[in-house]
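Please take a moment to look over the chain before reading on. The paragraphs below go from the overall make-up to a few individual residues.

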Amino acid sequence: MIGIIGALDEEVALICEQLAECTTLSKARYAFHKGKLGQRDLTVVKCGVGKVNAAICTQILIDMFKCERIIFGGVAGGLLRGLAQGDVVVSSHVVQFDIDLTAFGRRRGELADKERLIPADPDMIQAATEAFDRVTETSDAPPTMMVGTIVSGDSFISDPNTIKWLQREFGAACTEMEGGSVGYTCAINEIPFVVTRVISDSAGEQAQKEFDAFLSQSSEMLCNLITETIIRL
Ligand code: ADE
């Protein structure tokens, strides 16, 4: 069983539409859609925004739905000049940037019991990057894709100083609000994961406008990236 998580309707709706033999089960306040995509068994959930929602859904996918791999798909704010709207970042690592135990001599994002940057699964990274190649192969002007660190915190970033800090502190490619907690939950359960993010905004002063304008456009790309990733697992 593969678990698929997105924070928003736009990020999971099209994937749910593709599910055959779909049944829906509610747990806590989340609706889990279980079905088949080709030969693969999937459970898809919209977790809502933020790290706590994402962690709860990840644990439910692992415990109740026996998911053996987790894919998170969604949009993110780009932190590098070379990343524009529509470009794609696949997680090499994830980190919760708002963990702060510096008072105890730890680096930002570092907890006592885990590596600071949590590595995504190499086979799933490969599947996600090959999925990108497949999805964009007929495009005249294909977007850019990179594998890099994805940072997560419970804030929507729209500030140039924070962009600079996230880039310098974590070597981050993009920022979002869920991936770090999905990665953390997967790591402590020893479940492989990957996060695929389509850039919706530049995390700068115009971020909210850019995000609103782009969100509905991202659905098809995300659905294609995730379904092509699943085929390769
Ligand atoms: N998701 C998409 N854009 C984002 C941003 N700028 N900050 C946090 N999460 C995001």
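Helices, of at least four residues, and strands, of at least two, are taken here as DSSP runs and numbered from the N terminus. With that in mind, the model, which is a predicted one, is 36% helix and 31% strand over residues 2–230, and the end C-alpha atoms of that stretch are 8 Å apart. The UniProt record, in an unreviewed entry, places the feature "domain: Nucleoside phosphorylase" at residues 2–230.

A good residue to start from is Asp-201, which has its place in strand 10, residues 193–201. What is the nearest side chain of opposite charge to Asp-201? That side chain belongs to Arg-197 and is 9.2 Å away, and Asp-201, although buried, has no salt bridge. A salt bridge would need a side-chain nitrogen of Lys or Arg within 4 Å of a carboxyl oxygen of Asp or Glu, so the distance of 9.2 Å to Arg-197 does not qualify. The side chain of Asp-201 does make a polar contact with the side chain of Ser-200, at 2.7 Å, and the side chain of Asp-201 also reaches the backbone nitrogen of Ala-203 at 2.9 Å. When neighbours within four places in sequence are left aside, the residues in contact with Asp-201 include Ala-76, Gly-77, Gly-78 and Phe-156, as well as Ala-207, Glu-210 and Phe-211.

Ala-203, whose backbone nitrogen is reached by Asp-201, lies in the loop between strand 10 and helix 6, residues 207–231. Most residues other than glycine have a negative phi. Ala-203, however, has a positive phi of about 60 degrees although it is not a glycine, and it counts as buried at 0% relative accessibility. On the other side of strand 10 in the sequence, Glu-190 lies in the loop between helix 5, residues 179–189, and strand 10. Phi of Glu-190 is also positive, near 55 degrees, but Glu-190 is exposed, with a relative accessible area of 72%.

The cysteines remain to be considered. How many disulfides does a search of the whole structure find? The search finds zero. Cys-16 is accordingly in no disulfide, and the nearest cysteine sulfur, that of Cys-22, is 6.5 Å away, whereas a disulfide is a pair of cysteine sulfur atoms within 2.5 Å. Cys-174 is buried, with a relative accessible area of 0%, and because its sulfur is 15 Å from the closest cysteine sulfur, in Cys-47, the two are too far apart for a bond.

Definitions and conventions. Residues numbered from 1 in each chain as written. Predicted model: local features only at pLDDT ≥ 70, side-chain atom pairs only at ≥ 80, totals over all residues. Heavy atoms only, no water. Buried < 20%, exposed > 50% of the residue type's maximum accessible area, 1.4 Å probe, protein only. Lys, Arg positive; Asp, Glu negative; His and termini not counted. Polar contact = N/O pair within 3.5 Å; in protein donor to acceptor, adjacent residues only side chain to side chain. Contact = heavy atoms within 4.5 Å. UniProt positions renumbered as here; feature names shortened; annotations may be inferred.
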